[in-house]
Amino acid sequence: MGVQRNLYAFILSLLANRSDAEDVLQETNLILCQKSKEYDPEGNFRSWAFNIARYQVLAHLTKKRRSKIHFSNELVETLASEEFDSQKHRITQRALQICYDLLPEHMKEIARLRFKEDQSMKQICKALNRPIGAISGTLFRIRQNLIQCVREKIPKLEADTEF
Amino acid sequence: MQKTEELERLISSLLDGSISVDDHSRLSSLLQNSPENREIYLEYIRLESLLHWETAQSEPIEFATPKPKLLPVIPFPVWAGAVAAMFLSFFGIIWLGTDQKTSLTAYIDHIIQPDGSSYASEVGRKAPMPTDTILHKNFGEAMSLDRRNYVNVAIASLHSGNQPADEGVIEYFDHLKRWNRLPSLLKPAEKGVLPASGSSMIGLEKMAVNVDSQTAEVEETVQVLDVRMAMENTSGEKARIFAALKVNQSFGNTQEGAEFGITLKAIRSDSSTVEHELSKTESKTSADLDPNTWSELSTEMVLPLDTQYVVVSLSASKQGPDSILANTSSYYADDLELYLSFDKDRVIGPI
């Protein structure tokens, strides 16, 4: 469970596009299977997997460079070298379960369409009959709201897990 | 504060795919030059990835109430024709409006739910694991990728015994090892279907609908048995594997029961990427529309002497106009039992 989730977040941090990140995760998984013989059981599986994912991201960027907005390779490398804290990921997950429920109803509706149903911005605009600026403004407030709430909950949850 | 507000706004529009080229270069430089900004960026990414994967699991999924009462009121052929025509015409419009299979599937699922509730669109959003491909790619190709991938994952796990098996657990029996993905597919009673026994049953994923060929299908690799040790001790005895299963279909807007299948495949694998199929057997049955009754199916296969692994997969499929409505129903299995037997009445199982 854990490694997949972290790998996905790691890839997403470099691509910032969910469907691209999913594609790269799939490709990475295939390579992990194909190369499982090369993996040294004494080694660190996570960093091995992350490294393969990093190469897949770079390969993906080279392929797609022409058509989309992407970070430069330099920035990708900088972001890839940031420490990826899986403990923090777990705690955030628990905090988020609490915070998501606290969202005001009108935000929940848009959050549901965007995050759970994975609808595109266009689809959401159409479904709610609102302009794209309003939707992206609300999504920004939703994210900000959740980040704020998660930041507040984390110290308490961290303290709880220590006992 | 002002500064992070701008940063956060840019990150949010980046994640929504609505960022302009200028804003994107602005964001890039904000990230490139400041570790604090990168920390905030990663915080947003963490949130985004969790929202994408986790909230779906943390909240109960709302199921639409099916409306089976409609059926007897209108004579069958008229109703079926009208629905088929309605869906085909809907589909025609959508087909012109999109070239993307993913959103197409989402639309189809939406149309099917008259109240627009979320159950169908939940499909495949949770974990971008191999099963997810069913919705993202052409489904013929997705099936083979799905199966090959799980088999590889399973064999790698069985080999090392300790490889992190993200999906699937390793179980040990007398002279047998098994990679088992069923625990992650278990569901309690839902949509009018009670488990055939115990308190949980196997819920198959949504079917991948191919509108061109009017077929809908889901196939899941659920278990891989490592029979190497058991086969070594045979001294020429004939080994057989026997599998039994019960299947059921929930209420929905479909006219016919789905065809369920169980497939056993004997393979050997020289390296983790090469698998040779040695033998294969498949058994199918059509379920009825009554969610109270479970249909049974079973199959048996003689294992070739050089068999190393047995792959067990379950499938459900629909054909014709009914296939377009396939995901208004859910498909379940229960009581999967496997026996490995040898000539001299030696039996391993049920497992």
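I began with helix α3 of chain A, where S47(A), N51(A), Y55(A), A59(A) and T62(A) are exposed on the other side from the buried residues, and I took as exposed a residue with 12 or fewer other C-beta atoms within 10 Å of its own, as buried one with 20 or more, and as partly exposed anything in between, with C-beta atoms placed from the backbone. This is a predicted model, in which local features need pLDDT of at least 70 and side-chain atom pairs count only at pLDDT 80 or more, while totals for chains, interfaces and linings use all residues. Residues are numbered from 1 along each chain as its sequence is written, with chains lettered from A and ligands numbered from 1 in the order in which they are written.

I then listed the buried residues of α3(A), which are A49(A), A53(A), Q56(A), V57(A) and H60(A); they line one face of the helix, because seen down its axis they fall within an arc of 110 degrees, the arc being that of the directions from the helix axis to the C-beta atoms.

In chain B I looked up strands β1 (residues 169–173) and β2 (residues 176–180), which pair in the antiparallel sense over five bridges, where pairing requires that DSSP finds at least two bridges. Helices (H or I, at least four residues) and strands (E, at least two) are DSSP runs, numbered from the N terminus. I noted that E171(B) stands opposite R178(B) in β2(B), and that in this hairpin, with two residues between the strands, H175(B) takes a positive phi near 60 degrees.

Lastly I checked pLDDT, the predictor's confidence in each residue from 0 to 100: the mean for chain B is 70.
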